[in-house]
Amino acid sequence: MKSGYFQPLTNAYKIAWIWWVILLSFQQVLFYENNLRTNWFQISILVFLVFAFYFLVRQRRFFAAEDALHFSRDFRLGMLKIDFAYMSSVKVTPRTLRFIYIGKEYQFVVLGKSNQLLQNVLKENKVEYTTSALKRSEKV
């Protein structure tokens with residue numbers, strides 16, 4: 001079993017990033033409104049933001065088995081099993097993996113060696129996928 005790292009790109013994950021930026025901005029406004037002095041409320045917001053940032057940027061693992069991909073869920077409470085037989089509309093770019101699995105669309109950020117691992121596993125299991133590489137413009 002091979003493994004790699006990914007980041008989810010779900011709507012909930014995107015909304016969590018937006019709320020993180022909003023709370024960080026709120027904390028900074030309070031800090032400057034209090035003439036660069038901190039209080040317990042600002043410190044508690046900052047501590048919460050540090051924990052939230054860690055939660056948003058930490059790497060999650062996926063495992064490639066013979067017949068399926070297993071993506072870890074938050075807090076390692078379970079695994080999302082993606083059977084190769086039911087994957088459709090698979091698209092692999094240098095930074096992302098997008099596919100439809102039983103009517104639900106999934107999108108993950110997968111970089112470097114993890115991306116190569118996914119491409120190799122998809123080839124080995126004869127899953128049809130498209131790739132889109134960045135095209136460089138030619139100089140005239």
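A pocket, as the word is used here, is an open set of grid points where a 1.4 Å probe fits, with protein on both sides within 12 Å along at least five of seven lines, and its lining residues are those that have an atom within 4 Å of a point. With that in mind, the reader can turn to this structure, which is a predicted model.

The largest pocket has a volume of about 350 Å³. Its lining is made up of 17 residues, and those that lie nearest the centre of this pocket are P8, T10, S72, R73 and D74. Several elements give two or more residues to this lining, namely the strands β1 (2-8), β3 (68-72) and β7 (104-109) together with the helices α1 and α2 (40-57). Sorted by class, the lining of the largest pocket holds eleven nonpolar residues, beside two polar and four charged ones.

The second largest pocket encloses about 170 Å³ of space, and the residues along its wall are L9, T10, N11, K14, K104, E105, Y106 and Q107. Both α1 and β7 supply at least two residues of this lining, and β7 provides the largest share, with four residues. By class, the lining of the second largest pocket consists of two nonpolar, three polar and three charged residues. T10 belongs to both accounts, since it is listed among the residues nearest the centre of the largest pocket and also among those that line the second largest one.

Helix α1, which spans residues 11-33, includes I18. This isoleucine joins I15, W19 and I22 in a nonpolar patch on the surface, and together the four residues have about 420 Å² of accessible area. An unreviewed UniProt entry lists residues 12-32 and 38-57 under "transmembrane region". In the model, residues 12-32 are 100% helix and 0% strand, with the end C-alpha atoms 30 Å apart. The other listed span, residues 38-57, is 90% helix and 0% strand, and the end C-alpha atoms there are separated by 26 Å.

A last feature to follow is the pairing of charged side chains. In general, side chains of opposite charge can pair when their charged atoms come close. The structure holds two salt bridges, and one of them is formed by the side chains of K2 and E124, at 3.8 Å from N to O. This pair links distant parts of the chain, for K2 lies in strand β1 whereas E124 lies in helix α3 (residues 112-124), and the two are 122 residues apart.

Methods: Residues are numbered from 1 along each chain as its sequence is written. This is a predicted model: local features need pLDDT of at least 70, side-chain atom pairs count only at pLDDT 80 or more; totals for chains, interfaces and linings use all residues. Side-chain values use heavy atoms; hydrogens and water are left out. Patches are made of residues with over 30% relative accessible area and no salt bridge: like charges are joined within 9 Å, nonpolar side chains (Val, Leu, Ile, Met, Phe, Trp, Tyr) within 5 Å. Accessible areas come from the Shrake-Rupley method with a 1.4 Å probe; for residues, only the protein chains shown count as cover. On a 1 Å grid over the protein atoms alone, a cavity is a set of points where a 1.4 Å probe fits but cannot get out, and a pocket is an open set with protein on both sides within 12 Å along at least five of seven lines; lining residues have an atom within 4 Å of a point. Grid points are joined across faces, edges and corners, and a volume is the space filled by probe spheres set on the points. Ala, Val, Leu, Ile, Met, Phe, Trp, Tyr, Cys and Pro count as nonpolar, Asp, Glu, Lys and Arg as charged, and the others, Gly among them, as polar. UniProt positions are given in the numbering used here, feature names are shortened, and annotations may be inferred rather than shown by experiment.
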